[in-house]
Amino acid sequence: VNMTVEERFVNKYIPEPNSGCWIWLGATTGCYPWLYGQMGIGQRKILAHHVSWLLTFGEKASNLLVLHKCDVTLCVNPHHLFLGTNQDNSNDMVKKGRSGIPWTTKLNTKQIQGMRLLAKQGLGNRRLAKRFGIDQAHAWRIIRYKIWKGIPDA
């Protein structure tokens, strides 16, 4: 049975009655807290909130991002989305107090610096993760400066 993109899309989310968010239940990409829905269309993987925008409002300019008013990355409700530039996205993060160290982190600057120092002394990802109460992938990203690049070494 060949379903249209729209038919496939509507079968992959569930409305959340309190917030009005439509929570994506299909495939995802990224990692918590930046987990986004994604959907295969042809040979391409497209972020689910972009598909929502496209189905509701049509094409967007290539220099614009689809941003979340609700800050729920798995939300695909088109009325919770808006278009903006990278600068708009940064301004939105600052305005909502989500700049700098992510708001969901368990770690502070000193802990991140300590983790990097211990890694340089030979402590592995598994032990670092256990010691700091995070998963191994997160520890790997921290010690390799994939995230929190702006935090200087101690």
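Where does Y145 lie relative to α6? In this predicted model, Y145 is located in the segment after α6. The residue adopts a positive phi of about 60° although it is not a glycine. With a relative accessible area of 26%, Y145 falls between the limits of 20% for buried and 50% for exposed residues, and is therefore classed as partly exposed.

The helix that precedes this segment, α6, spans residues 136–143. At its N-terminal end, D135 acts as a cap, with a side-chain oxygen placed 3.0 Å from the backbone nitrogen of A137. The buried residues of α6 are H138, A139, R141, I142 and I143. Beyond the helix follows Y145, with its positive phi near 60°.

Helix α6 also contributes to the largest nonpolar core, which comprises 14 residues. Within this core, the members that touch the most other members are L107, M115, L128, I134 and I142. Two or more residues are supplied by each of α4 (109–120), α5 (125–132) and α6 (136–143). The surroundings of I134 illustrate how the core is connected: when neighbours within four places in sequence are set aside, I134 is in contact with L107, M115, A129, A139 and I142. Of these partners, A139 and I142 are also listed among the buried residues of α6. A second core lies apart from that of I134 and consists of 9 residues, including F9, Y13, L74 and V76. As a general tendency, nonpolar side chains in soluble globular proteins are buried together.

A positive phi is likewise found at D71, where the angle is about 65° although the residue is not a glycine. D71 is situated in the loop between β6 (65–68) and β7 (81–84). Its relative accessibility of 27% lies above the 20% limit for burial and below the 50% limit for exposure, so D71 counts as partly exposed.

Towards the N terminus, E7 belongs to helix α1, which covers residues 5–10. The relative accessible area of E7 is 38%, a value between the 20% and 50% limits, and this residue is therefore assigned to the partly exposed class. E7 and Y36 are 29 residues apart along the chain, and a distance of 20 Å separates their C-alpha atoms.

Definitions and conventions. Residues numbered from 1 in each chain as written. Predicted model: local features only at pLDDT ≥ 70, side-chain atom pairs only at ≥ 80, totals over all residues. Heavy atoms only, no water. Core = buried A, V, L, I, M, F, W, Y, C linked by side-chain atoms within 4.5 Å. Buried < 20%, exposed > 50% of the residue type's maximum accessible area, 1.4 Å probe, protein only. Helix = DSSP H or I, 4+ residues; strand = E, 2+ residues; numbered from the N terminus. Contact = heavy atoms within 4.5 Å. Polar contact = N/O pair within 3.5 Å; in protein donor to acceptor, adjacent residues only side chain to side chain.
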